[in-house]
Amino acid sequence: FMLFFNRPFKEGDWISTSGLEGTVESIGWYHTRLRTFDRRPLYIPNAVFATSPIENPGQMYNRRIKASISLRYEDLPRVGAITLQIREMLEQHPNIDENQIILVNFNEWDASSINIMVYCFTRTTNWKLWLDQQQEIFLKIADIVRVANADFAFPSTTLYQAPNTKGNDSSNLLNFH
């Protein structure tokens, strides 16, 4: 009865509960039929919905973009300007909801990079449109980084030659065979 009175979802909604996910095809008295993303029918006893949280992405207002942009340590002097330009681009972008929080901040010292968090919400909830918009924003971020004469980091290791210590020839310390 809970499904019929509370209506947490309707036919056509994409829902997720207890690790089960798909588009609602029908809601019956005893079970609900979902169509999974690999196109298989999935029958869920309605009792599951009484004891498990139900996520209904179809009722969301926005889709979130959350990314970590990794720059090289040598670009540290440019990070302030880069974060400011990315934030301004997002605040002026027609597909970003300026009524939602927009965050662009240097937030992490990583092993091979300094990381900038980008956090904002698009106006759309449509997944395909969101992917297109996210790609456009990522490409604009890449342009901002390039114009700032900075670059993206990749995992790397720097080896330093040990100083010459008491009678040891330091040239022998980095002898790779």
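Colleague: How much area does the protein expose, and what share do carbon and sulfur atoms supply?

Modeller: The protein exposes about 11900 Å². Carbon and sulfur atoms supply 53% of that area. Keep in mind that this is a predicted model.

Colleague: What makes up its secondary structure?

Modeller: Four helices and seven strands. From the N terminus on, the order is α-β-β-β-β-α-β-α-β-β-α.

Colleague: How many residues are there, and what percentage is buried?

Modeller: The protein has 177 residues, and 32% of them are buried. Buried means under 20% relative accessible area.

Colleague: Why is S16 called buried?

Modeller: The relative accessible area of S16 is 18%. The cut-off for buried is under 20%. S16 is therefore buried, at 18% against that limit.

Colleague: Where is S16 found, and what does it touch?

Modeller: S16 is found in strand β1, residues 14-17. Not counting residues up to four places away in sequence, S16 touches E21, P53, I54 and E55. The C-alpha atoms of S16 and E55 are 5.0 Å apart, though the two residues are 39 apart in sequence.

Colleague: Which sheet does β1 belong to?

Modeller: An open sheet of four strands, in the order β1-β2-β3-β4, with antiparallel pairing.

Colleague: Why do β1 and β4 count as edge strands?

Modeller: Each has a single partner strand, so one side of each is left without a neighbour in the sheet. The twist of this sheet averages 50 degrees from one strand to the next.

Colleague: How do you know that β2 and β3 pair?

Modeller: Pairing needs at least two bridges. Four bridges join β2 (residues 20-27) to β3, and the two strands run antiparallel. With four bridges against a minimum of two, β2 and β3 therefore pair. One partnership is that of S26 with R33 in β3.

Colleague: What joins β3 to β4?

Modeller: Five bridges, between residues 31-35 and residues 41-45, again with the strands antiparallel. R33 has Y43 as its bridge partner in β4. The β3 and β4 hairpin has five residues between the strands, and R39 there takes a positive phi near 75 degrees.

Colleague: Which strands form the three-stranded sheet, and in what order?

Modeller: β5-β7-β6, an open sheet with antiparallel pairing. β5 (63-71) and β6 (103-109) stand at its edges, because each has a single partner strand and so one side without a neighbour in the sheet. Neighbouring strands here are turned by 25 degrees against each other on average, direction ignored.

Colleague: How do you know that β5 and β7 pair?

Modeller: Nine bridges join β5 to β7 (residues 114-122). The requirement is at least two, so nine bridges make β5 and β7 a pair. Among the residues involved, K66 has Y119 as its bridge partner in β7.

Colleague: Which helix packs on this sheet, and what does it touch?

Modeller: Helix α3 (residues 79-92) packs there, touching β5, β6 and β7. The direction of α3 makes about 145 degrees with that of β6. Another helix, α4, lies across β5 and β7 and runs at about 25 degrees to β5.

Colleague: How does the span of α3 compare with the expected one?

Modeller: α3 has 14 residues and reaches 20 Å from its first C-alpha to its last. That is close to the 20 Å expected at 1.5 Å a residue.

Colleague: Which residues of α3 are buried, and what puts them on the same side?

Modeller: The buried residues of α3 are V79, I82, T83, I86, M89 and L90. They cover an arc of only 125 degrees around the axis, which puts them on the same side of α3. Their cover includes β5, β6, β7 and α4.

Colleague: Why is D151 called partly exposed?

Modeller: The relative accessible area of D151 is 37%. Buried means under 20% and exposed means over 50%. At 37%, D151 lies in between, so it is partly exposed.

Colleague: Where does D151 lie, and what is it in contact with?

Modeller: D151 lies in the segment after α4 (127-147). Leaving aside neighbours within four places in sequence, D151 is in contact with S70, L71, R72, D75 and V145. The C-alpha atoms of D151 and R72 are separated by 6.4 Å, with their positions 79 residues apart along the chain counted as separation.

Colleague: What percentage of contacts join residues at least 24 apart?

Modeller: It is 57%, among contacts between residues at least 6 apart in sequence.

Terms used:
Residues numbered from 1 in each chain as written. Predicted model: local features only at pLDDT ≥ 70, side-chain atom pairs only at ≥ 80, totals over all residues. Heavy atoms only, no water. Buried < 20%, exposed > 50% of the residue type's maximum accessible area, 1.4 Å probe, protein only. Contact = heavy atoms within 4.5 Å. Axes fitted to C-alpha atoms, helices over the stretch in contact; angles between N-to-C directions. Expected span 1.5 Å × (residues − 1). Arc of directions from axis to C-beta. Areas by Shrake-Rupley, 256 points an atom, 1.4 Å probe, with all protein chains shown as cover.
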